[in-house]
Amino acid sequence: MRRRATRNPKISPRGPPRLPASCESRAAWLGLVPAQNSTGGKTSLGAITKAGDRYLRQLLVNAGTGFVRRVKADANVSPWIAGLLQRMPAKQAAVAIAIKLARIAWAILVSGGTYKAAALAGATA
C-alpha cells in the first residue's frame, strides 16, 4: 500500500503504513474533525483536533484553501465549492474540501485503483 502511495506524486509517503479500517474514521485519523464536548445530552463542537499527522493535515487544508481561492476567482470551476462558500466561511469550506480530498485519497489507496476525474465531476455537480 505504501508503494502505491509513493507512486502518486500528490500523496506523501509520510505517516503510518496502516490506514483507518473504515471511511468514517479517516477524517478523525487525520485530525480534520471538530473536537466534541457533550454533557447532559447537549453537544458542542469546537475547532478541528490536532490528532494525526500534522504535515498531511496541513497539505490537505492548504489544497482546500487553493480550491477556495480558485473558485472565488471563477465560480464555474466547481459549483459544489461555490455552494460551500455561500453557506460557510472560507476557512471552514477549506477544511470541508480537505475532508473530501482525504476521502478520495483513502478510497484510491484502499481500492488500489487510480483517480478518475469524471467520477468526481459527476459527484460534485
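This report describes how two helices, H3 and H4, pack against helix H5 in a predicted model.

| Helix pair | Closest approach of axes | Crossing angle |
|---|---|---|
| H3 (residues 54-73) and H5 (residues 90-111) | within 7 Å | roughly 120° |
| H4 (residues 79-87) and H5 | within 8 Å | roughly 140° |

**H3 against H5.** The axes of H3 and H5 come within 7 Å and cross at roughly 120°, an angle that makes H3 oblique to H5, because angles from 65 to 115 degrees count as roughly perpendicular and those over 145 as roughly antiparallel. The crossing in which H3 passes H5 is right-handed. On the H3 side the contact is formed by Leu60, Val61, Ala63, Gly64, Thr65, Phe67, Val68 and Lys72, and these meet Ala90, Ala93, Ala94, Ile97, Ala98, Leu101 and Ala102 of H5. Sorted by character, the residues of this contact comprise twelve nonpolar, two polar and one charged.

**H4 against H5.** For H4 and H5 the axes come within 8 Å and cross at roughly 140°, which means that H4 is likewise oblique to H5, since only angles over 145 degrees count as roughly antiparallel. H4 also passes H5 in a right-handed crossing. Here Trp80, Ile81, Leu84 and Leu85 of H4 make the contact with Ala90, Ala93, Ala96, Ile97 and Lys100 of H5, and the residues involved divide into eight nonpolar, no polar and one charged.

**Shared residues of H5.** Ala90, Ala93 and Ile97 of H5 take part in the contact with H3 and also in the contact with H4.

Notes
Residues are numbered from 1 along each chain as its sequence is written. This is a predicted model: local features need pLDDT of at least 70, side-chain atom pairs count only at pLDDT 80 or more; totals for chains, interfaces and linings use all residues. Side-chain values use heavy atoms; hydrogens and water are left out. Axes are lines fitted to C-alpha atoms, for helices over the stretch in contact, and angles run from 0 to 180 degrees between N-to-C directions. Helices (H or I, at least four residues) and strands (E, at least two) are DSSP runs, numbered from the N terminus. Angles under 35 degrees count as roughly parallel, over 145 as roughly antiparallel, 65 to 115 as roughly perpendicular and the rest as oblique. A crossing is left-handed if the near helix is turned anticlockwise from the far one by less than a right angle, and right-handed if clockwise. Contact means heavy atoms within 4.5 Å. Ala, Val, Leu, Ile, Met, Phe, Trp, Tyr, Cys and Pro count as nonpolar, Asp, Glu, Lys and Arg as charged, and the others, Gly among them, as polar.
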